[in-house]
Amino acid sequence: MLRARGLVKTYRAPAGPRIPVLDGVDVDVKAGELVVVAGASGSGKSTLLNLLGLLEDADAGDVWFADEHVSALGRSARSGARGRFVGFVFQSFLLLPSLTALDNVVLAARYVGRSGPETRRRARELLEELGVAERHEHYPPQLSGGEQQRVAFCRAVLNDPPLLLADEPTGNLDDANAHVIAEALRRRAAAGGAVVVVTHRPEAFVPATAVFRIENGRLEGYPLKKEVAP
Ligand SMILES: Nc1ncnc2c1ncn2[C@@H]1O[C@H](COP(=O)(O)OP(=O)(O)OP(=O)(O)O)[C@@H](O)[C@H]1O
Ligand SMILES: [Mg+2]
């Protein structure tokens, strides 16, 4: 479902030093798999996820969704592919402050040309599942960080994307709610989705298909945590 080969990324601050972040990263995630990538703060987790989700361009390397060589597409075809394939849970949520929680979730469907009562029903169902249904009329500034995070999760999965990329999706959550998100991610994989989570807390997502760690720009096996889902 997702394949990446040789991803390289270096940031260059205008006057500052080069910041090499990724130095040749390969990723394979099949439908039905949950892959976890751990790593210290600043190790390149968000950068990797942004490259996998076509939100940023790599300096080198390629990305395929299904068997489509999406990193080779032009800007507008790439954003079309992103719309068809990817649900993204942003580390900083990126909810629109002028829309209610429910409308933020429903907005995801608008981007792919869907709307209507069925979509709203599904959005409410997801908010219910994540325990934030009673906040559906609230605006993001009136929500706690953890509540915003759960709303952002609902938005990312509303369209049932075949590929779900989640950046630190439990970063603002207590253990109970982290468990709710981890279970929701596992259910998506069990239902045939391909799921990638980047986090500094990999324990929360085990059992997973595989757990890796970013270190010095490379993806290493993480044997301690390598546990195969039943
Ligand atoms: N747009 C940018 N310009 C310059 N440097 C950047 C940019 N984005 C990220 N970096 C640098 O690249 C490195 C990796 O950043 P990244 O956000 O991928 O880390 P991370 O592993 O997600 O960290 P965290 O756990 O804190 O979210 C960091 O040193 C960061 O400062
Ligand atoms: Mg990050």
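This is a chat between a trainee and a mentor about a predicted model of a protein chain with a ligand.

Trainee: Hi! What ground rules should I know for this model?
Mentor: It is a predicted model, where local features need pLDDT of at least 70, side-chain atom pairs count only at pLDDT 80 or more, and totals for chains, interfaces and linings use all residues. Residues are numbered from 1 along each chain as its sequence is written, while chains are lettered from A and ligands numbered from 1 in the order in which they are written.

Trainee: What does the pLDDT average for the protein chain?
Mentor: The average is 92, and 97% of the residues score at least 70. Over residues 224-230, though, the pLDDT is below 50, and beyond near neighbours in sequence this stretch has 15 contacts in the model. The pLDDT is the predictor's confidence in each residue, from 0 to 100. Two residues are in contact if their C-beta atoms, placed from the backbone, lie within 7 Å.

Trainee: How should predicted coordinates be read where pLDDT is low?
Mentor: Where pLDDT is low, they should not be read in detail.

Trainee: Fair enough. How many helices and strands are there in the protein chain?
Mentor: There are 6 helices and 9 strands. Both are DSSP runs numbered from the N terminus: helices are H or I with at least four residues, strands are E with at least two.

Trainee: And what is the radius of gyration of the protein chain?
Mentor: The protein chain has 17 Å, which agrees with the value near 17 Å for a compact globule of 230 residues. That radius is taken over C-alpha atoms, and the globule rule is 2.2 Å times the number of residues to the power 0.38. Along its principal axes, the C-alpha trace spans about 45 × 40 × 40 Å.

Trainee: What share of the residues count as buried?
Mentor: Of the 230 residues, 42% do. Buried is 20 or more other C-beta atoms within 10 Å of the residue's own, exposed is 12 or fewer, and partly exposed is in between, with C-beta atoms placed from the backbone.

Trainee: Which residues have the most contacts inside the largest nonpolar core?
Mentor: Those are V37, V105, C154 and L185, in a core of 69 residues. A nonpolar core is a set of buried Ala, Val, Leu, Ile, Met, Phe, Trp, Tyr and Cys residues joined through C-beta atoms within 7 Å. Take L185: leaving aside neighbours within four places in sequence, L185 is in contact with L34, A166, V195, V197 and F205.

Trainee: V105 caught my eye. Which residues of α3 are buried?
Mentor: In α3 (residues 101-111) they are A101, L102, N104, V105, V106 and A108. What covers them includes α4 (117-129) and α5 (145-157). Just after α3, G113 takes a positive phi of about 75°.

Trainee: Now the ligand. Which residues are the closest to ligand 1?
Mentor: Y11, S41, K45, S46 and T47 are the closest of the 14 residues that surround ligand 1. The cut-off is a C-beta atom, placed from the backbone, within 6 Å of the molecule.

Trainee: Which element gives the largest share of that shell?
Mentor: That is α1, with 3 residues. Both β2 (18-29) and α1 (45-52) supply at least two residues each.

Trainee: How does the shell split by class?
Mentor: It has 4 nonpolar, 9 polar and 1 charged residues. Here Ala, Val, Leu, Ile, Met, Phe, Trp, Tyr, Cys and Pro count as nonpolar, Asp, Glu, Lys and Arg as charged, and the others, Gly among them, as polar.

Trainee: On to backbone oddities. Which peptide bond is cis?
Mentor: The one from V206 to P207 is cis, with omega near 5°. P207 sits in the loop between β7 (194-198) and β8.

Trainee: And where is N216?
Mentor: N216 is in the loop between β8 and β9 (218-221). Its phi is near 50°, a positive value in a residue other than glycine. N216 counts as exposed because it has 9 C-beta neighbours inside 10 Å.

Trainee: Is E168 buried or exposed?
Mentor: E168 counts as buried, because 20 C-beta neighbours lie inside 10 Å. E168 is placed in the loop between β6 (163-167) and α6 (175-190). Leaving aside neighbours within four places in sequence, E168 is in contact with Q91, V198 and T199.
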